[in-house]
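Biologist: I should like to learn how to read helices, pockets, cavities and cysteines in a structural model. Might we take them in turn?

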Amino acid sequence: MKINGKEYRTIWFEKNIVKIIDQTKLPHQFVIKDLKTVKDVINAIKTMEVRGAPLIGATAAYGLVLAILENNDQSFLKKSAEDLIKSRPTAINLKWAVDRMINKLSGVNSEKILDIALNEAKKICEEDIKFCENIGLNGLKIIEEIYNKKKDTVNILTHCNAGWLATINWGTATSPIYHAHKKGIPVHVWADETRPRNQGANLTSYELNEEGIKNTIIADNTGGILMQRGEVDMCIVGTDRTLANGDVCNKIGTYLKALAAHDNKIPFYVALPSSTIDWNIKDHKEIPIEERNSEELSTIEGFDSDGNLKKIQIYPKKSKAMNLAFDVTPAKYVTGLITEKGICQASTEGLKKLFK
Ligand code: MRU
């Protein structure tokens, strides 16, 4: 998608270097960062220079390419894979991508391993783009249906950033929105700010602006009253891990939006590529929920009037703060899952129909 009118992807490989858009600098600065070692990749994932479930998976895949370039040795590759998986715990795509790379590379001799690894990392990216595009085409039908009934702007609420910046291109939750916009359907997005890191304000609103899509940032607690007032036609969010029973783990606060949507009979959709499905965990309590540094809550960054980036303390210094990064929305609150293969019920039967 576009930034300043120029087409970008979130990640690419050039002259043995992984190039990323440093998302910690957005929306104020557009910085392309070079990752040269697997350590750089682990750091980029941990500090959220790259974030969003599909993108961290793809970045980890390239991390293994860099590992091979650094030290073409099986034990280094194995250790790198383990460290990459540990870099963020909740999004299953990370483990999915690393496992896929390791499976592909097992038993490959050292002369061929680099080419095969690079090819597979590129394939993961290309597949993600195709899957996200299909999610968009499938989700478009829902937006179209609402528009055909309403004959007026479709108001869509989303949480966090499940946009193209969280994937390689298109996004998951945003892909139906981009497709609707391209088709001339008037859409307006309510972008939850998404404290504490503000991915909704800093990334979702930013990327929608760059594509010319109308949007309004709202504080995280505003969605409920907008739903009561009839100002939300549907919700679409992303997911970091979808269980086989249809439970959805996504950015903290998603659950509360789903409850409000349920109470107001507003459709609540979750968009995901199949790489986000965890077929193994049976109970959502087993999902490792990331707890991040509480400084992300107690401090805030922004530009002062002289254009200098400043970090300031906003909480009482003595107060304790807790920063859980994800929550789980039970399947019963999910209207449907929008996947690359079609839309299904958030249930074992629904998912099995699409993914045998
Ligand atoms: O902590 P983040 O910014 O990585 O969280 C991202 C989300 O919660 C997204 O909704 C999710 O990864 C889906 S991205 C298509």
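**Reading an enclosed helix and the spaces around it**

Modeller: Let us begin with α7, of whose 12 residues nine are buried, so this helix is largely enclosed by the rest of the structure. Please keep in mind that the model is predicted.

Biologist: Which residues of α7 are buried?

Modeller: They are Gln199, Gly200, Ala201, Leu203, Thr204, Ser205, Tyr206, Glu207 and Leu208. As a general idea, an α-helix has 3.6 residues a turn, so residues three or four places apart point the same way.

Biologist: What span does α7 reach from its first C-alpha to its last, and what is expected?

Modeller: The 12 residues of α7 reach 15 Å, close to the 16 Å expected at 1.5 Å a residue.

Biologist: Let us turn to pockets. What is the volume of the largest pocket, and which lining residues are closest to its centre?

Modeller: The largest pocket has a volume of about 760 Å³. It is lined by 28 residues, of which Thr24, Pro196, Arg197, Asn202 and Glu301 are the closest to the centre.

Biologist: Which helices and strands each supply at least two residues of that lining?

Modeller: The helix we began with is one of them: α7 (199–210) is joined by α10 (295–298), β14 (299–303) and β15 (309–313). The most comes from β14, with five residues. By class, the lining of the largest pocket holds eight nonpolar, 11 polar and nine charged residues.

Biologist: Where does the largest pocket lie with respect to the domains?

Modeller: The way to read this is to ask which domains give residues to the lining. Here domain 1 (2–127) and domain 2 (136–354) both do, so the largest pocket lies between them.

Biologist: What lines the second largest pocket?

Modeller: This pocket, with a volume of about 180 Å³, is lined by His159, Arg195, Asp220, Asn221, Ile252, Gly253, Leu256 and Lys257. Two of the lining residues are nonpolar, three polar and three charged.

Biologist: How many cavities of 30 Å³ or more does a search of the whole structure find?

Modeller: The search finds three. The largest cavity has a volume of about 200 Å³. Among its 22 lining residues, those closest to the centre are Gly52, Ala53, Asn161, Asp240 and Asn250. Both α2 (53–70) and β11 (248–251) supply at least two lining residues, and α2 gives the most, with three. The lining divides into nine nonpolar, nine polar and four charged residues. Domain 1 (2–127) and domain 2 (136–354) each provide at least three residues of this lining.

Biologist: What is the volume of the second largest cavity, and which elements give two or more residues to its lining?

Modeller: The volume is about 70 Å³. The elements are α2, α4 (92–105) and α5 (113–150), and α5 gives the most, with four residues. The residues lining this second cavity include Pro54, Trp96, Phe131 and Pro273. By class, six residues of the lining are nonpolar, three polar and two charged.

Biologist: Finally, how many disulfides are found, and how should one judge a cysteine pair?

Modeller: A disulfide requires two cysteine sulfur atoms within 2.5 Å, and a search of the whole structure finds zero disulfides. The sulfur of Cys249 is 11 Å from that of Cys160, its closest cysteine sulfur, and this is too far for a bond. Likewise, the sulfur of Cys344 is too far for a bond, at 16 Å from its closest cysteine sulfur, in Cys132.

Biologist: Are Cys249 and Cys344 buried or exposed?

Modeller: Cys249 is buried, with a relative accessible area of 0%. Cys344 counts as buried at 8% relative accessibility, because the cut-off for buried is under 20%.

Note on methods. Residues are numbered from 1 along each chain as its sequence is written. This is a predicted model: local features need pLDDT of at least 70, side-chain atom pairs count only at pLDDT 80 or more; totals for chains, interfaces and linings use all residues. Side-chain values use heavy atoms; hydrogens and water are left out. On a 1 Å grid over the protein atoms alone, a cavity is a set of points where a 1.4 Å probe fits but cannot get out, and a pocket is an open set with protein on both sides within 12 Å along at least five of seven lines; lining residues have an atom within 4 Å of a point. Grid points are joined across faces, edges and corners, and a volume is the space filled by probe spheres set on the points. Ala, Val, Leu, Ile, Met, Phe, Trp, Tyr, Cys and Pro count as nonpolar, Asp, Glu, Lys and Arg as charged, and the others, Gly among them, as polar. Domain bounds come from an automatic or database domain assignment. Buried means under 20% relative accessible area, exposed over 50%, partly exposed in between (1.4 Å probe, protein chains only). The expected span of a helix is 1.5 Å times one less than its number of residues.
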